[in-house]
Amino acid sequence: MPDANTALLAARPSRTRLSTATIDRLPLTVQRPAYDRAAVTPGIVHIGLGAFCRAHLATYTDDVLATGDRSWGIVGVDPLSPAIRDALKPQDCLYTLLVREENRDRLRVVGSFLDALATADQLDEVLTLMAKPEIRIVTLTVTEKGYCQDAATGSLDEAHPLIRADLADPTNPRSVPGLLAEAIRRRRAAGVPPFTVLVCDNLAQNGVKVRGIVVRYAELCDPELAAYIAGQVCFPCTMVDRITPATQDADCATVEMTLGCTDAWPVVSEPFKQWVIEDRFPLGRPAWEKAGAILVDDVHPFELMKLRCLNGAHSLLAYLSVIAGIETIADAMADPQLPAVMRRLWTSDLIPTLPPVPGTDIPAYTAALEARFRNPGIRHRTIQISSDGSQKLPPRLLEPVRELFAAGKAPAVIPLAVAAWMRFLLVKDEAGNGYTVADPMAAALTRIARVHSGDAGALAAALFAIEDIFAPELVAEDAFRRQVVHHLDSLMNAGVQRTLTAFLATP
């Protein structure tokens, strides 16, 4: 059913559909847009129509529209497939946010998306819209791999098939860097000032990184455009946080039962949300601070805290859990050992690498994270979190290792997390159940794992040789290599429970 990786089944024609015409029939307990949507005009184009943006950016913007500023409606663009567009359009782009707590569900119909497009069959329409003067911000949630970056360097992967295709035909782009560059080129040609590019993905210094990727792409096809982007286009950094699991059949049933009508693709989230934004918007922005966003001069301390403490812990829990056959993060938190390993990751390896974060007690932040992870209402599947490890491990866990060694310290828990990722590539859990590795490098990684499935040392060595994931200076640390191999051998031969028992018994 609804899932970021599968096409959506159409709503059943025998049921009433959520839409502008039916919204007034919803139960009074369901929150709905507190403004006249017909009076709202678009000011934002959002690229990437997955669950996260609809639980995060869209709700902040929905709250701003309710304050009376009606010039910041969102038009969503899906760069992958028309599936979500085709689900939202018959609903006038209304959809339900199901906020789940332990003993309570709250439903909210979000109205900030005014339209939905897909580049697959509406590319020119998308580019024409992005070139309009009223579009002042382009926001993005396309995941790490959506930016066509080299995972090892964070720069543009110039050999990426989409990039090579775009460079051959830059006015018909299919990549995100190509789309941004062509839209900016069109605005410049028409004398329209450039929009602000606001990246809302979990990348360290996300605005800086994507700026470098887009500028480099432009250099390869139009050096004058590259100079213009480098000098005139703002790419503020952001930190975003809200746990948003993939929507399941049971969630759709809950929404339909409560609404009394069908929502083809609702979104599920936890109650907590946070958004920290560098305040650099030459053409203006919504007053997101009225909806709880934090506007700052430098987002780096906040994003580093979140990327390492939340996302790093998620990666640790996900790989160990998938191997052990544990389905969700809440289930992992009920395990007798995993929470203790996670706490040690924070205290020993991650918190020591963080700078001070304004107004934040970092140990209190991690304690709050643990409480969020325990929310049984959020079925955040560990296999979902395990995706794209080749892209996620470097910023979440491998960079902290390098910083620890540079400071004369050794990591205590990260080698175990890396070993768990390596064991995960064997595509079978301890009970022999298979699963799919979702990763841009999945074919190569699983082939390596298959060849070396009986030898932890050989498997680790082959994976360490991939410089797109492991920096040579990190692999040169003998203590790190030995720890990873030790844990990998134990996970392969003794299993997760006995490995964690031995690990926790070691001071």
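**Charges over rings**

I started with K273, which lies over the face of Y60, 5.0 Å from the ring centre. The model is a predicted one, and I read every entry below with that in mind. I then looked up R344 and found its charged end over the ring of F503, with 5.0 Å to the centre of that ring.

**Aromatic pairs**

Y60 came up again when I turned to ring pairs. Which residues do ring pairs link into a cluster with Y60? I noted W275, F281 and W288. So that I would not lose the link, I wrote beside this entry that Y60 is also the ring under K273.

I then took the count of aromatic pairs, which comes to nine. One pair I looked at in detail is F464 with F470: the ring centres are 5.0 Å apart and the planes stand at 80 degrees. Planes over 60 degrees apart count as edge-to-face, so I entered F464 and F470 as an edge-to-face pair. I checked burial for the two residues as well, and both F464 and F470 are buried.

**Cysteines**

How many disulfides does the structure hold? I found zero. I went through two of the cysteines to see how they stand. C53 is in no disulfide, and its nearest cysteine sulfur, in C200, is 8.8 Å away. The cut-off for a disulfide is 2.5 Å between the sulfur atoms. C53 is also buried, at a relative accessible area of 1%.

Why is C261 not bonded to C252? The sulfur of C252 is the closest cysteine sulfur to that of C261, but the distance is 12 Å, which is too far for a bond. I looked up the accessible area of C261 too: the relative value is 4%, so I marked C261 as buried.

**The second largest pocket**

Last, I looked at the second largest pocket, with a volume of about 430 Å³. It is lined by 27 residues, and those closest to the pocket centre are A151, A152, P394, P395 and E399.

Which helix supplies the largest share of this lining? I found that α15 does, with seven residues. α15 covers 389-406. At least two lining residues each come from α10 (300-324), α15 and α19 (472-475).

I sorted the lining of the second largest pocket by class and wrote down 14 nonpolar, nine charged and four polar residues.

Key: Residues are numbered from 1 along each chain as its sequence is written. This is a predicted model: local features need pLDDT of at least 70, side-chain atom pairs count only at pLDDT 80 or more; totals for chains, interfaces and linings use all residues. Side-chain values use heavy atoms; hydrogens and water are left out. Buried means under 20% relative accessible area, exposed over 50%, partly exposed in between (1.4 Å probe, protein chains only). Rings of Phe, Tyr and Trp (its six-membered ring) pair if their centres lie within 6.5 Å; planes under 30 degrees apart count as stacked, over 60 as edge-to-face and the rest as tilted. A charge sits over a ring if NZ of Lys or CZ of Arg is within 6 Å of the ring centre and within 35 degrees of the ring normal. On a 1 Å grid over the protein atoms alone, a cavity is a set of points where a 1.4 Å probe fits but cannot get out, and a pocket is an open set with protein on both sides within 12 Å along at least five of seven lines; lining residues have an atom within 4 Å of a point. Grid points are joined across faces, edges and corners, and a volume is the space filled by probe spheres set on the points. Helices (H or I, at least four residues) and strands (E, at least two) are DSSP runs, numbered from the N terminus. Ala, Val, Leu, Ile, Met, Phe, Trp, Tyr, Cys and Pro count as nonpolar, Asp, Glu, Lys and Arg as charged, and the others, Gly among them, as polar.
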